Amino acid sequence: MAKRDQGEHKAAPMVEEVSDFEILELAVRELAIEKGLFTADDHRHFTEFAHSIGPLPAARLVAKAWLDPQFKKLALEDGVAASKEVGIDWLNPTGFGTPSDYTDLRVLEDTPTVKHVVVCTLCSCYPRPILGHSPEWYRTPNYRRRIVRWPRQVLSEFGLQLPENVEIRVEDSNQKCRFMVMPMRPEGTEGWSEEELAAIVTRDCLIGVAVPHPERKQNAARPVHKAVHPVQHDH
Amino acid sequence: MGGTQDNPDINDAKNTSSEYTSIAILERIRKRGRVWGDLCAQYGVENPDPPWKVCLEGTCEALAVQACALPTLERRWAEDELSETLYQGVPFPERQLLALAHTLIQRGLFGEDELARRIEKVGERLNSV
């Protein structure tokens with residue numbers, strides 16, 4: 001293998017031992033397959049689904065609610081029914097089975113004087129079917145412990161400075177109930193389509209640690225930096 | 001995130017629920033098994049979840065469909081109970097895994113001896129290279 005010009009590549013650290021828990025997981029799975037409870041392909045399919053989900057359905061739910069007062073009313077009264085309108089059926093979100101974490105979904109509406117933020121202090125409960133996987137920081141003890149005690153300080157660490165007159169409500173997720181935040185629609189988005197609005201409702205806005213901004217889109221093109229030593233083509 | 005090894009009170013705890021009795025093979029893993037947090041600290045790994053977590057989620061989902069061997073809500077209720085009794089003090093997702101194995105044995109979907117034999121086989125296979 002060719003060496004790089006500046007120093008050798010150092011591999012990221014890995015856990016170099018097989019734990020009893022890793023063995024137990026595989027043993028349980030193999031026995032379940034042998035007993036005919038599901039097939040190896042079923043299992044692969046569910047695992048693949050788990051890797052493919054993202055926050056777009058929740059962003060669409062918020063954008064739709066911003067544009068349609070009737071839908072907003074539904075979202076606030078019945079999050080599960082509103083989810084269905086944006087293509088997520090909490091009873092069957094994968095399209096081929098029930099979710100492992102079917103729960104009630106509640107949509108928390110931010111107002112000029114109330115800001116919501118979501119956490120799971122116990123473990124890592126998260127509205128996966130509609131928001132995808134939780135970010136790594138959401139699962140850290142740092143976030144889970146401190147957001148409930150010092151929410152204003154933690155939000156400011158995310159770059160969200162809130163005026164003193166804004167009350168912060170932290171909702172603790174659990175196995176039976178999940179939450180997502182419906183942030184306020186920002187100024188400067190008048191006349192925007194549902195698609196345009198959904199693009200500014202990023203994952204962090206839906207957790208509550210950020211607010212939407214007309215110029216910050218989750219699918220915005222990344223800046224392209226010019227190569228320091230570009231390849232020269234002579235032909 | 002700490003393991004269970006440091007806390008003798010937890011290690012010696014007997015089940016407090018009459019509905020749940022301890023299962024020897026799972027007790028052994030609960031006491032001796034090294035949790036992900038301990039392994040991360042030793043090897044300098046920062047990934048918050050063990051690599052097998054997504055496979056465990058896949059198993060839970062797959063069990064809830066097809067033959068519906070273990071409906072989701074029933075699994076979660078059992079997990080709640082076991083997390084507060086037998087597996088209290090075990091971190092997540094290790095306790096989720098122990099609770100799932102416990103529930104499957106308790107429901108007779110496979111036996112304790114059968115699981116012990118399979119664990120031995122899988123262990124030999126994974127440690128053979």
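Helix H3(A) is largely enclosed by the rest of the structure, because nine of its twelve residues are buried. This is a predicted model, so everything described here is read from predicted coordinates. The buried residues of H3(A) are A:Pro57, A:Ala58, A:Ala59, A:Arg60, A:Leu61, A:Val62, A:Ala63, A:Ala65 and A:Trp66. What lies over them? The cover includes five helices of chain A, namely H4 (69–77), H5 (79–85), H6 (128–131), H9 (194–200) and H10 (203–207), together with strand E4 (177–182).

The length of H3(A), residues 56–67, can be checked as well. At 1.5 Å a residue, its twelve residues should span 16 Å, and the end C-alpha atoms are 17 Å apart, which agrees.

**A residue at the other extreme**

Is A:Asn165 buried or exposed? A:Asn165 is exposed, because 7 other C-beta atoms lie within 10 Å, and the exposed class takes in residues with 12 or fewer. A:Asn165 belongs to the loop that links helix H8 (151–157) to strand E3 (167–172) in chain A. Its C-alpha atom is separated by 8.7 Å from that of A:Val114, although the two residues are 51 apart along the chain.

**The two chains side by side**

Here is a summary of each chain.

| Chain | Helices and strands | Buried residues |
|---|---|---|
| Chain A | ten helices, four strands | 37% of 235 residues |
| Chain B | seven helices, zero strands | 40% of 129 residues |

Read from the N terminus, chain A runs α-α-α-α-α-β-β-α-α-α-β-β-α-α, while the elements of chain B run α-α-α-α-α-α-α. Now for the contacts within each chain, taking those between residues at least 6 apart in sequence. In chain A, 69% of these contacts join residues at least 24 apart. In chain B, 66% of them do so.

**Where the chains meet**

How many residues does each chain bring to the contact? Chain A gives 39 residues and chain B gives 46. On the side of chain B that touches chain A, at least two residues come from each of the helices H2 (24–32), H3 (36–43), H4 (53–64), H5 (72–84), H6 (94–106) and H7 (112–126). H4(B) supplies the largest share of that side, with eleven residues. Sorted by class, the side of chain B that touches chain A holds 29 nonpolar, eight polar and nine charged residues.

H4(B) is also worth following across to its partner in chain A. Helix H2(A), residues 40–52, packs with H4(B) at an angle of about 120°, and their axes are 8 Å apart. That angle makes H2(A) oblique to H4(B), since the roughly perpendicular class ends at 115 degrees and the roughly antiparallel class takes angles over 145. The crossing of the two helices, H2(A) and H4(B), is right-handed.

Which residues make this contact? From H2(A) come A:Asp42, A:His43, A:Phe46, A:Thr47 and A:Ala50. H4(B) answers with B:Val54, B:Cys55, B:Glu57, B:Gly58, B:Thr59, B:Glu61 and B:Ala62. An α-helix has 3.6 residues a turn, so residues three or four places apart point the same way. By class, the contact of H2(A) with H4(B) counts five nonpolar, four polar and three charged residues.

Notes. Residues numbered from 1 in each chain as written. Chains lettered and ligands numbered in written order. Predicted model: local features only at pLDDT ≥ 70, side-chain atom pairs only at ≥ 80, totals over all residues. Contact = placed C-beta atoms within 7 Å. Nonpolar A, V, L, I, M, F, W, Y, C, P; charged D, E, K, R; others polar. Axes fitted to C-alpha atoms, helices over the stretch in contact; angles between N-to-C directions. Parallel < 35°, antiparallel > 145°, perpendicular 65-115°, else oblique. Left-handed = near helix turned anticlockwise from the far one by under 90°. Expected span 1.5 Å × (residues − 1). Buried ≥ 20, exposed ≤ 12 C-beta atoms within 10 Å, placed from the backbone.
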